[in-house]
Amino acid sequence: MQQLTLETLVAVFEEIFGRGLFWTMVAVAAVVTIAYLYVLIRDRHLSARKFLAAQLFMPVGGIAAVLFVQWVTHSGLSDIGGPIDWIVLLGVAGTGAIGTAILVYTAQALIAGKPRDTD
């Protein structure tokens, strides 16, 4: 592999997760992202209280992402070899943590509805 391209990454992720699961995860991520952007535009600010609650769920999301990837790939912590494995593992955990925070913030904002103006 001479170059890292988007097509190569998509092919690798389809091989790891399977075509159906990979594209389902992409679709869910797109829906959550669009909902998050909608909430940000609608509310015109970040709520500190909702943001703090979302941050509290980040460790849970990071651990869940690592466990999910290990379950899908039929591997465990004992299969981790060199430094690149640890970097990928940390990347998965970080991505899961950030995604969970965005999901929790968005869910809170959609459930609570539009905040009232306090002029």
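Me: What do the buried residues of helix H4 pack against?
Reply: Helix H1 (6-17), helix H2 (19-43) and helix H5 (83-112). Before you lean on that, this is a predicted model, where local features need pLDDT of at least 70 and side-chain atom pairs count only at pLDDT 80 or more, while totals for chains, interfaces and linings use all residues. Residues are numbered from 1 along each chain as its sequence is written, and side-chain values use heavy atoms, with hydrogens and water left out.

Me: What makes a stretch like H4 a helix here, and which residues does H4 cover?
Reply: Helices are DSSP runs (H or I, at least four residues; strands are E, at least two), numbered from the N terminus. H4 covers residues 58-72, so with 15 residues it clears that bar.

Me: How do you know that the length of H4 is close to what is expected?
Reply: You compare spans. The expected span is 1.5 Å times one less than the number of residues. For H4 that gives 21 Å, and the C-alpha atoms at its two ends are 21 Å apart.

Me: And which residues of H4 are the buried ones?
Reply: Gly61, Gly62, Ala65, Val66, Gln70 and Val72.

Me: Why is H4 called oblique to H5?
Reply: Look at the angle: the two pack at about 130°, with axes 7 Å apart. Axes are lines fitted to C-alpha atoms, for helices over the stretch in contact, and angles run from 0 to 180 degrees between N-to-C directions. Under 35 degrees is roughly parallel, over 145 roughly antiparallel, 65 to 115 roughly perpendicular, and the rest oblique. An angle of about 130° falls in "the rest", so H4 is oblique to H5.

Me: Which residues make that contact?
Reply: On the H4 side, Met58, Gly61, Gly62, Ala65, Val66, Val69 and Gln70; on the H5 side, Leu89, Val92, Ala93, Gly96, Ala97, Ile98, Thr100 and Ala101. Contact here means heavy atoms within 4.5 Å.

Me: How many nonpolar, polar and charged residues has the contact of H4 with H5?
Reply: Ten nonpolar, five polar and no charged ones. Ala, Val, Leu, Ile, Met, Phe, Trp, Tyr, Cys and Pro count as nonpolar, Asp, Glu, Lys and Arg as charged, and the others, Gly among them, as polar.

Me: How about H3 and H5: what makes that pair oblique?
Reply: Their axes come within 8 Å and cross at roughly 140°. That value again lands among the leftover angles, so H3 is oblique to H5. Lys50, Phe51, Ala53 and Ala54 of H3 touch Ala101, Val104, Tyr105, Gln108, Ala109 and Ala112 of H5. By class, that is eight nonpolar, one polar and one charged.

Me: How do you know that Thr106 is buried?
Reply: From its relative accessible area. Buried means under 20%, exposed over 50%, and partly exposed in between (1.4 Å probe, protein chains only). Thr106 comes in at 4%, so it is buried. Thr106 belongs to helix H5, and beyond its neighbours within four places in sequence it contacts Val32, Ala35, Tyr36 and Val39.

Me: Why is Ala30 called partly exposed?
Reply: Its relative accessibility is 36%, which lies between the two cut-offs, so Ala30 counts as partly exposed. Ala30 is a residue of helix H2.

Me: What makes His74 worth a look, in terms of phi?
Reply: His74 takes a positive phi of about 55° although it is not a glycine. His74 is in the loop between H4 and H5. At 73% relative accessible area it passes the upper cut-off, so it is exposed.

Me: And Arg44: buried or exposed?
Reply: Exposed: 63% relative accessibility is over the upper cut-off, so that is how Arg44 counts. Arg44 is in the loop between H2 and helix H3 (48-56), and it too is a non-glycine with a positive phi, about 60°.

Me: How do you know that the span of H2 agrees with its residue count?
Reply: Its 25 residues should span 36 Å, and its end C-alpha atoms are 36 Å apart, so the two agree.

Me: What is the reach of H5, set against the span expected for it?
Reply: H5 has 30 residues and reaches 43 Å, close to the 44 Å expected. The buried residues of H5 pack against H2, H3 and H4, and they include Leu89, Gly96 and Val104.
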